[in-house]
Amino acid sequence: MKTPASAVAVKPWYREPWPWLLMSGPAVVVVAGLVTIYIAVSGQDGLVVDDYYKQGKAINQALHRDDVARQAGVSATVRFDQARDRVDVVVKRSDGKLIAAPLTLSLVHATRSGFDHVVALNDRGDSHVGSLPPLRVGKWKVLLEDKNRQWRLQREIQIGNGPIPDVALTHIAAASDATK
């Protein structure tokens with residue numbers, strides 16, 4: 001014998017799978033939107049250079065400092081001692097004389113200016129010593145210059161998860177030197 005249609009037990013809507021399946025799509029989109037808003041608000045964009053026009057005008061002055069280093073024959077070796085959180089720099093002229101002037105070592109991150117570090121180096125006779133800041137994995141520019149900003153040496157390095165290798169800094173050859 002058949003039961004009448006009115007006698008069939010009807011489940012409440014929240015016990016049916018279809019409403020939950022239909023609501024899950026929009027719910028996932030709302031959660032993903034909230035996560036995206038959090039990431040956008042909490043992170044900083046970090047421009048490489050805030051005033052690119054002013055930096056562009058100053059490029060000739062920076063190139064002049066490279067020329068001064070080349071003419072003086074300045075070269076340096078930078079040793080990163082991560083175990084003691086220190087950096088040792090030996091700077092020489094082409095005649096072999098050590099440079100004892102106060103120096104500054106800048107560690108410039110390739111894309112995030114917020115990660116940049118400036119290390120003041122103290123003269124220890126045969127080398128210059130400074131405190132090594134923690135460096136993130138990635139591409140960096142090592143920039144060594146005197147306190148008066150008369151000359152500079154620079155080189156790009158890649159920092160991985162292992163120890164940072166020693167870096168040899170020499171002058172950048174001028175375009176006319178490369179064609180000779």
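**Salt bridges in a predicted model**

Student: Glad to look at this one together! Which residue forms a salt bridge with Glu 145?

Tutor: In this predicted model, the closest N and O atoms of the pair are 2.7 Å apart. That falls within the 4 Å cut-off for a salt bridge. The bridge joins distant parts of the chain, 80 residues apart, with Glu 145 in strand β6 (residues 138-146) and its partner in helix α3 (residues 59-72). The partner of Glu 145 is Arg 65.

Student: Nice. Is Arg 65 buried or exposed?

Tutor: Buried means under 20% relative accessible area. Glu 145, across the bridge, has 6% and is buried. The relative accessibility of Arg 65 is 9%, so this residue counts as buried.

Student: Which residues are linked with Arg 65 in a network of salt bridges?

Tutor: We have already met one of them, since Arg 65 pairs with Glu 145. The network also takes in a second arginine. Linked with Arg 65 are Glu 145 and Arg 149.

Student: Now to helix α3: about how many helical turns separate Asp 67 and Arg 70?

Tutor: These two form a salt bridge, with their closest N and O atoms 3.5 Å apart. Asp 67 is partly exposed at 28%, and Arg 70 is partly exposed at 22%. They lie 3 residues apart in helix α3, so the separation is about one helical turn.

Student: And Asp 88, is that residue buried or exposed?

Tutor: Asp 88 forms a salt bridge with Arg 86, at 3.0 Å between the closest N and O atoms. Arg 86 is partly exposed, at 27%. Asp 88 has a relative accessible area of 14%, under the 20% limit, so Asp 88 is buried.

Methods
Residues are numbered from 1 along each chain as its sequence is written. This is a predicted model: local features need pLDDT of at least 70, side-chain atom pairs count only at pLDDT 80 or more; totals for chains, interfaces and linings use all residues. Side-chain values use heavy atoms; hydrogens and water are left out. A salt bridge is a side-chain nitrogen of Lys or Arg within 4 Å of a carboxyl oxygen of Asp or Glu. Helices (H or I, at least four residues) and strands (E, at least two) are DSSP runs, numbered from the N terminus. Buried means under 20% relative accessible area, exposed over 50%, partly exposed in between (1.4 Å probe, protein chains only).
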